[in-house]
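Here are some worked exercises on a single chain. Have a go at each task before you read its solution.

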Amino acid sequence: ISFAQLTTARSLTPPPLRAPGLDRDARYRVTHVPIVLASWGPSRTQPAWLGEEDGVVLTGAQLVGHGIQPPVLNPESAVVIHLERI
């Protein structure tokens, strides 16, 4: 999954990023794929899942219904999120 911040947002915190179509009963490891020259935005903290070396494990139901909090990014920046079914 990719999340891009093209322009300055109206709100500092982006809305949750949901992943429709996943198996609601399965578990998924969520990690971020490092991108060269990534440009994190002006936030005191980023979502906790970004700091976890092994990622976090969530159910498909959580990812479909609630999603994950994307990081705050500067304009013209992106993050790639890897979901691995476990």
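**Exercise 1: Lay out the sheet**

Four strands make an open sheet in the order β1-β4-β2-β3, with antiparallel pairing. The edge strands are β1 and β3 (56-59), and each pairs on one side only. From one strand to the next, the twist averages 30° (axes are lines fitted to C-alpha atoms, for helices over the stretch in contact, and angles run from 0 to 180 degrees between N-to-C directions).

A word on the ground rules: this is a predicted model, where local features need pLDDT of at least 70 and side-chain atom pairs count only at pLDDT 80 or more, while totals for chains, interfaces and linings use all residues. Residues are numbered from 1 along each chain as its sequence is written, and side-chain values use heavy atoms, with hydrogens and water left out.

Task: work out how many bridges hold each pair of strands, and find some residue partners.

Solution.

- Step 1. Start with the elements: the chain has two helices and four strands, running β-β-α-β-α-β from the N terminus on. Helices (H or I, at least four residues) and strands (E, at least two) are DSSP runs, numbered from the N terminus.
- Step 2. Count the bridges; two strands pair if DSSP finds at least two bridges between them. Strand β1 (residues 2-5) is antiparallel to β4 over four bridges, six bridges join the antiparallel β2 and β4, and β2 and β3 are antiparallel over four bridges.
- Step 3. Pick out partners in β4. Phe-3 stands opposite Val-79, Tyr-28 opposite Arg-85, and Thr-31 opposite His-82.
- Step 4. Look at Arg-29 on both sides. Its bridge partner in β4 is Glu-84, and in β3 it stands opposite Val-57.

**Exercise 2: Check the overall dimensions**

Task: how does the radius of gyration of the chain compare with that of a compact globule?

Solution.

- Step 1. Apply the globule rule, 2.2 Å times the number of residues to the power 0.38, with the radius of gyration taken over C-alpha atoms.
- Step 2. For 86 residues the rule gives a value near 12 Å, and the chain has 13 Å, which agrees.
- Step 3. Add the box: along the principal axes, the C-alpha atoms fill roughly 35 × 25 × 20 Å.
- Step 4. Check burial and contacts. Of the 86 residues, 29% count as buried (under 20% relative accessible area; exposed is over 50%, partly exposed in between, with a 1.4 Å probe and protein chains only). Among contacts (heavy atoms within 4.5 Å) between residues at least 6 apart in sequence, 83% join residues at least 24 apart.

**Exercise 3: Find the core**

Task: which residues of the largest nonpolar core touch the most other members?

Solution.

- Step 1. Set the criterion: a nonpolar core is a set of buried Ala, Val, Leu, Ile, Met, Phe, Trp, Tyr and Cys residues joined through side-chain atoms within 4.5 Å.
- Step 2. The largest such core has 14 residues, and Val-30, Trp-49, Leu-63, Ile-68 and Ile-81 touch the most other members. At least two residues of this core come from each of β2 (27-33), α1 (48-51) and β4.
- Step 3. Zoom in on Trp-49. Beyond its neighbours within four places in sequence, its contacts include Val-30, Val-56, Ile-68, Pro-71 and Ile-81.
- Step 4. For context, nonpolar side chains tend to be buried together in soluble globular proteins.

**Exercise 4: Compare two neighbours**

Task: are Glu-76 and Ser-77 buried or exposed?

Solution.

- Step 1. Glu-76 lies in the loop between α2 (60-65) and β4. Glu-76 counts as exposed because its relative accessible area is 74%.
- Step 2. Check the backbone: Glu-76 has a positive phi of about 60° although it is not a glycine. Most residues other than glycine have a negative phi.
- Step 3. Ser-77 lies in strand β4 (residues 77-85). Ser-77 counts as buried because its relative accessible area is 7%.
- Step 4. The side chain of Ser-77 reaches the backbone oxygen of Asn-74 at 3.0 Å.
- Step 5. Leaving aside neighbours within four places in sequence, Ser-77 is in contact with Phe-3, Ala-4, Gln-5 and Ser-39.
- Step 6. Turn to Gln-5, in strand β1: Gln-5 is buried too, at 13%. Not counting residues up to four places away in sequence, Gln-5 touches Leu-73, Asn-74, Pro-75, Glu-76 and Ser-77.

Notes. Polar contact = N/O pair within 3.5 Å; in protein donor to acceptor, adjacent residues only side chain to side chain.
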